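Biologist: I should like to learn how to read the features of a protein model. Could we go through a few of them together?

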Amino acid sequence: MNAHEVFHDWNSGMYYGIVTHGGHGKASACIRCGKCEKVRPQHLPIRELLKTVAKTFEG
């Protein structure tokens, strides 16, 4: 998502597809339990960011 937003990298979607098909889950698979946000070192709103990633790359 960083490459997409900061550098306007048109290949970002392709890389997202490679990562998600390589055994990592899609951003839309987030169940919004909040566990990730409890341990986040950078205090990012992970659940909201995943919604943006899903909207951008999944559809």
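The dialogue below takes up cysteines, a surface patch and a buried residue.

Modeller: Please keep in mind that this is a predicted model.

Biologist: How many disulfides does the structure hold?

Modeller: A disulfide is a covalent bond between the sulfur atoms of two cysteines. This structure holds 0 disulfides.

Biologist: Why is there no bond between the sulfur of Cys-30 and the closest cysteine sulfur?

Modeller: The closest cysteine sulfur to that of Cys-30 belongs to Cys-36, and the two are too far apart for a bond because they lie 5.9 Å from each other, whereas a disulfide requires sulfur atoms within 2.5 Å. Cys-30 counts as partly exposed, with 28% relative accessibility. Cys-36 likewise counts as partly exposed, with a value of 31%.

Biologist: Which residues make the nonpolar surface patch?

Modeller: Met-14, Tyr-15 and Ile-18 make this patch, which covers about 320 Å². Tyr-15 is placed in helix H2, which comprises residues 12-21.

Biologist: Why does Tyr-15 count as partly exposed?

Modeller: The partly exposed class lies between 20% and 50% relative accessible area. Tyr-15 counts as partly exposed because its relative accessibility is 43%.

Biologist: Is Glu-37 buried or exposed?

Modeller: Buried means under 20% relative accessible area. Glu-37 has 16% relative accessibility and therefore counts as buried. Glu-37 lies in helix H3, formed by residues 35-38.

Biologist: Which residues does Glu-37 touch, not counting those up to four places away in sequence?

Modeller: With those sequence neighbours left out, Glu-37 touches Leu-44, Pro-45, Ile-46, Arg-47 and Glu-48.

Definitions and conventions:
Residues are numbered from 1 along each chain as its sequence is written. This is a predicted model: local features need pLDDT of at least 70, side-chain atom pairs count only at pLDDT 80 or more; totals for chains, interfaces and linings use all residues. Side-chain values use heavy atoms; hydrogens and water are left out. Patches are made of residues with over 30% relative accessible area and no salt bridge: like charges are joined within 9 Å, nonpolar side chains (Val, Leu, Ile, Met, Phe, Trp, Tyr) within 5 Å. Accessible areas come from the Shrake-Rupley method with a 1.4 Å probe; for residues, only the protein chains shown count as cover. A salt bridge is a side-chain nitrogen of Lys or Arg within 4 Å of a carboxyl oxygen of Asp or Glu. Helices (H or I, at least four residues) and strands (E, at least two) are DSSP runs, numbered from the N terminus. Buried means under 20% relative accessible area, exposed over 50%, partly exposed in between (1.4 Å probe, protein chains only). Contact means heavy atoms within 4.5 Å.
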